[in-house]
Every structure is written in structure tokens, then in C-alpha cells.
Amino acid sequence: MIRTALADFVSLIFPQVCLACDEPLARGEDHICTGCRAQFPYTDYHKLPPTRIRWPVSSGVSCPCDIP
Ligand SMILES: [Zn+2]
């Protein structure tokens, strides 16, 4: 209870905002608000077979999350 009250007080001074829309987060939300979460597109990446992560060392920066 004291920890929650302290966290609420700290959030008055340093409010946590959504990383996508900069709106204040509600209690229980982390990083992304529920409204933005609801607008995320469905990718169904979890249905794809596992693939090797390609990380070309010599070609500079590459995102390992790119799925061909
Ligand atoms: Zn948001």
C-alpha cells in the first residue's frame, strides 16, 4: 500500500507516457497504452516456422527481425 502510494506520487512528478502516442499510462500499463495496443496490426508471425536469424557482419547494420 505504501509502495503504491509512493509510486502514485512519483507518477505525479514524472508521469509515464505511452511510447507511441505520449498519452499518460494507466496503472498496469507498461510502455504502450491499451489504445495503441488495440491498434497494432496482426502479423501472425508466431505461425511461421522458425528460421535462422541472418546477421551479416560485414554489411553493416541489419535488423535480425526481418522475415523474408
Ligand atoms: Zn498510446
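**Exercises on a two-helix chain**

Asp-22 is exposed, because 8 other C-beta atoms lie within 10 Å of its own (exposed means 12 or fewer, buried 20 or more, partly exposed in between, with C-beta atoms placed from the backbone). This is a predicted model, where local features need pLDDT of at least 70 and side-chain atom pairs count only at pLDDT 80 or more, while totals for chains, interfaces and linings use all residues. Residues are numbered from 1 along each chain as its sequence is written.

**Exercise 1.** Find where Asp-22 and His-31 lie, and look at their phi angles.

*Solution.* Start with Asp-22, in the loop between H1 and helix H2 (34-39); helices are DSSP runs of H or I with at least four residues, numbered from the N terminus. Its phi is positive, about 65°, although Asp-22 is not a glycine. Next, His-31 is also placed in the loop between H1 and H2. His-31, again not a glycine, has a positive phi of about 70°. Finally, count neighbours: His-31 has 12 other C-beta atoms within 10 Å, so it is exposed.

**Exercise 2.** Check whether the span of H1 agrees with its 12 residues.

*Solution.* The expected span is 1.5 Å times one less than the number of residues. For H1 this gives 16 Å, and the end C-alpha atoms are 17 Å apart, which agrees.

**Exercise 3.** Is Ser-11 buried, partly exposed or exposed?

*Solution.* First, place Ser-11 in helix H1 (residues 2-13). Then count: 13 other C-beta atoms lie within 10 Å, so Ser-11 is partly exposed. Now widen the view: zero residues of H1 are buried, so this helix lies largely in the open.
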